[in-house]
Amino acid sequence: QQQQQHREHQQGTSCLERVVCVKPHAIIDFEITAEGLSIPHQKMTIPFAGITCSYILPHPHKAMTALVVLHLRPPLVLSYIIHEFLCIEAPHDDVRQLTLNNTGPPLQGSSAQLWEALLVSSIPGKPVEKGLARSAAYPAGFPQLKCSFQGCDGYLCLLERCVLFVYRQVVCVPVGQVESVEIEADDAGAFDIVMERRTGTRLRLSKFSPGELDVVRAFAREKGFKCP
């Protein structure tokens, strides 16, 4: 794991260097300005006003690492590829310093803590959703479920406000848009789920392990989805 450094720009702009992103798959240097997240070598800025939702989750398969997911509108365009989501790895043992809004003393904390502080201070009125949804059956949070979407392997994260498929590809469906969940099992017990939105569009997620069926049904009951 590469050590990530923090430096202050000569003109007072805070910087986060060598941020590991899994979506897009890149290592990016960010300069934090009053307007947003600047990517100097691409000569572009992600405006804070364009971050519609943000999530900080446990990393599906890396211990001591958080996954910071930002929903961008307008999307980020890198190398002619459109990215509606920015997905960042934030190790808990990666201690940095960051000055927010170029004022006051620098904050020190883990990469995940500093991303949260940055988002909370820069995007008022848009709360950061942390962690996974909980229920009486899963008081520590619903487990992340390994599955596949359109041939891309990843993990389904069951959150309070949305259902989020993450890793190299990101798909987000707000809970309020889900009408029903259908389950299609094969002879071996592995299964797919098909989420139908209230608009009538359908989203298929595949290759769930047999033991995860109870998790899907428990979440569907918790959120009031129609589910067999």
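In this briefing, Ala, Val, Leu, Ile, Met, Phe, Trp, Tyr, Cys and Pro count as nonpolar, Asp, Glu, Lys and Arg as charged, and the others, Gly among them, as polar. The model is predicted: local features need pLDDT of at least 70, side-chain atom pairs count only at pLDDT 80 or more, and totals for chains, interfaces and linings use all residues. Residues are numbered from 1 along each chain as its sequence is written, and side-chain values use heavy atoms, with hydrogens and water left out.

**Nonpolar core**

- The largest nonpolar core (buried Ala, Val, Leu, Ile, Met, Phe, Trp, Tyr and Cys residues joined through side-chain atoms within 4.5 Å) has 30 residues.
- F30, L37, I46, I51, L86 and W115 have the most contacts inside this core.
- At least two core residues come from each of strand 2 (14-23), strand 3 (25-32), strand 4 (36-39), strand 6, strand 7, strand 8 and helix 1; helices (H or I, at least four residues) and strands (E, at least two) are DSSP runs, numbered from the N terminus.
- Strand 7 supplies the largest share of this core, six residues.

**Helix 1**

- S111, A112, L114, W115, L118, L119 and S122 of helix 1 are buried, that is, under 20% relative accessible area with a 1.4 Å probe and protein chains only.
- These buried residues fall within an arc of 165 degrees seen down the helix axis, so they line one face of helix 1; the arc is that of the directions from the axis to the C-beta atoms.

How values were computed:
Buried means under 20% relative accessible area, exposed over 50%, partly exposed in between (1.4 Å probe, protein chains only).
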